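Me: I have a model open on my screen and I'd like a close look at one part of chain A. Could you walk me through it and then show how it sits in the rest?

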Amino acid sequence: MMTEDQRSITPPGTPEMPPEPGPARLILTLGLAGFFSGLLLVSGFVLTRPVIERNKAEALKAAVYQVLEGCVTFEQLIWDGQVLRQGASEGEDIAPVYIGFGKEGQVLGFAITSEEPGFQDIIKAIYGYDPALDQIIGMEILESKETPGLGDKIFKDARFKTNFEALAVLPEIVSVKFGEKANPHEVEAITGATISSKAVTRLLQKGMTEWREPIRSFVLTLKGEGTSGSHEKS
Amino acid sequence: MGKDQHTDWDVLIKGLWRENPVFVAVLGMCPTLAVTNTAINSLAMAAATFFVLFFSSLLVSLLRKVIAKQVRITTYIVIIATFVSLVDMLLAALVPDIHKELGAFIALIVVNCLILGRQEAFAAKNKVGAALMDAIGMGLGFAIALLMIGVVREILGNGSLFDIPIFGTSFEPWIIMILPPGGFFTLGFLLLLFNAVALRRTKANAVTS
């Protein structure tokens, strides 16, 4: 029985409420939504993956050329657990280290990829290292989800990038406030994006801690074999 | 037929001004404040949101009689999240530079309450044509608002517009405008302006009627 009040709020001619759907109908609705969503996502993933992979490979290639000035070809090195070496991998790890060659086949330097957590997500970068000068000679950001307009200045701000044109690796790469750089191993941070700038500094230092010695040993081996006579920069 | 078209047109127009998602409904504040520090970022975010809003509205409206009321919000979220993931993959494949620019904010479109709000308030109750008009109107209204904020912030905070420098080297950029407080300042100022205009129009209409 409806009370007077209930009757007064129900406009005349309102259709009766449809019966409550059973649990099977609810499960079916959500199941179908999930199924079609999965279908769309998998199709999207399968269709876009080759293009995304190609974009990444091209970005990496362009970045190696960018961080090693004059580089015409490069090769990824293999890490067998003790030393770096050239050639195809025979079950050993592929190192995040690329050796770059100039026009005459001379070794120009090494490009190293490294990553560190930034403000939003992992920042992945590649940088050029010249073992003869013991300096970083260029840096490019490969992946970053830093705040647009702020943290993204790590790859958009030309002034920040000049930090990495001749950055000494020893004693340690450190970040300093903008305008306070006094030593060749210091990186001037971006005002308003200190966390992102420090993350870049850390990833460089991390890469150098890990790969400086193996690269130097690799260069000595090359010299021993007499294949890198032209490595010494003029 | 003619009347229906007229109504659909009204549905589209209301998103641009009368019910603008940013300046009137104050929805979608996360991207509004976070990615509007340059005009290009504003446009790219608006385009990605438009894509998600358009296709979510299409699907929700088409399936409005099939989706049980009790699980509608979950279903809408699944639909919206699907399109957000698709737009993320499409941007990464087709325009990797813009994808890199927008960073984490593409994934965050999924929690933009403008999109879920339009599904619940409009698409779930209306025919496909009207739902799409609503999505277009709201999408464009959102784009206009983001672009207005982005233009002001980029000009003052960076001295440029669409990455083209517009002031000489003597101009000292107002860094704060591209920092988070700049987003709040600009939004507050534009809200004030928008409300002042709306109030004036209401008063003018009251006098004439």
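What follows is a close look at one strand, β4 of chain A, and its surroundings.

Me: Take β4(A): which strands does it pair with, and is it largely enclosed by the rest of the structure or not?

Reply: Keep in mind that this is a predicted model. Let's start with burial. Eight of the 11 residues of β4(A) count as buried, so the strand is largely enclosed by the rest of the structure. For scale, buried residues make up 30% of the 234 residues in chain A.

Now the partners. On one side there's β3(A), which pairs with β4(A) in the antiparallel sense over five bridges. If you want a spot to click on, A:Gly100 stands opposite A:Gly109 of β4(A). The two strands make a hairpin with five residues between them, and in that turn A:Gly105 has a positive phi of about 85°.

Then there's β5(A). It also runs antiparallel to β4(A), and eight bridges join the two. One of the pairs to look for is A:Glu116 with its bridge partner A:Ile123 in β5(A). This is a hairpin too, with four residues between the strands.

Next, what is packed around here? β4 (107–117) is one of the elements that each supply at least two residues to the largest nonpolar core, and so are β3 (93–101), β5 (122–130) and β6 (135–143) of chain A. That core has 48 residues, and those with the most contacts inside it are A:Val67, A:Val97, A:Ala111, A:Tyr127 and A:Ile136. Helices join in as well: α2 (23–67), α3 (153–156) and α5 of chain A are on the list, and α5(A) gives the most, with eight residues.

A:Tyr127 is a handy residue to centre on. Leaving aside neighbours within four places in sequence, its contacts include A:Ala111 and A:Ile112, along with A:Val67, A:Ile136, A:Phe164 and A:Leu204. A second core lies apart from this one, with 46 residues, among them B:Leu102, B:Ile115, B:Leu132 and B:Leu187.

Zooming out, chain A has five helices and nine strands. From the N terminus on, they run α-α-β-β-β-β-β-β-α-α-β-β-β-α. Of the contacts in chain A between residues at least 6 apart in sequence, 53% join residues at least 24 apart.

Back to α5(A) for a moment. A:Thr221 lies in this helix, which covers residues 194–224. With 15 other C-beta atoms within 10 Å, A:Thr221 is partly exposed, because that count falls between the 12 or fewer of an exposed residue and the 20 or more of a buried one. Its C-alpha atom is 42 Å from that of A:Thr48, 173 residues away along the chain.

Chain A also has company: 29 of its residues are in contact with 28 residues of chain B. On the chain B side, α4 (72–94) and α5 (96–102) are the elements that give two or more residues, and α4(B) gives the most, with 11. By class, that side of chain B has 17 nonpolar, nine polar and two charged residues.

Finally, how far does the predictor trust all this? Mean pLDDT for chain A is 81, with 85% of its residues at 70 or more. Among the elements of chain A, α2(A) has the highest mean, 90, and α1 (residues 4–9) the lowest, 48. Residues 1–8 are below 50, and that stretch has one contact beyond near neighbours in sequence. Residues 227–234 stay under 50 too, though the model has 14 contacts for them beyond four places in sequence.

Key:
Residues numbered from 1 in each chain as written. Chains lettered and ligands numbered in written order. Predicted model: local features only at pLDDT ≥ 70, side-chain atom pairs only at ≥ 80, totals over all residues. Contact = placed C-beta atoms within 7 Å. Nonpolar A, V, L, I, M, F, W, Y, C, P; charged D, E, K, R; others polar. Core = buried A, V, L, I, M, F, W, Y, C linked by C-beta atoms within 7 Å. Pairing = 2+ DSSP bridges. pLDDT = per-residue confidence, 0-100.
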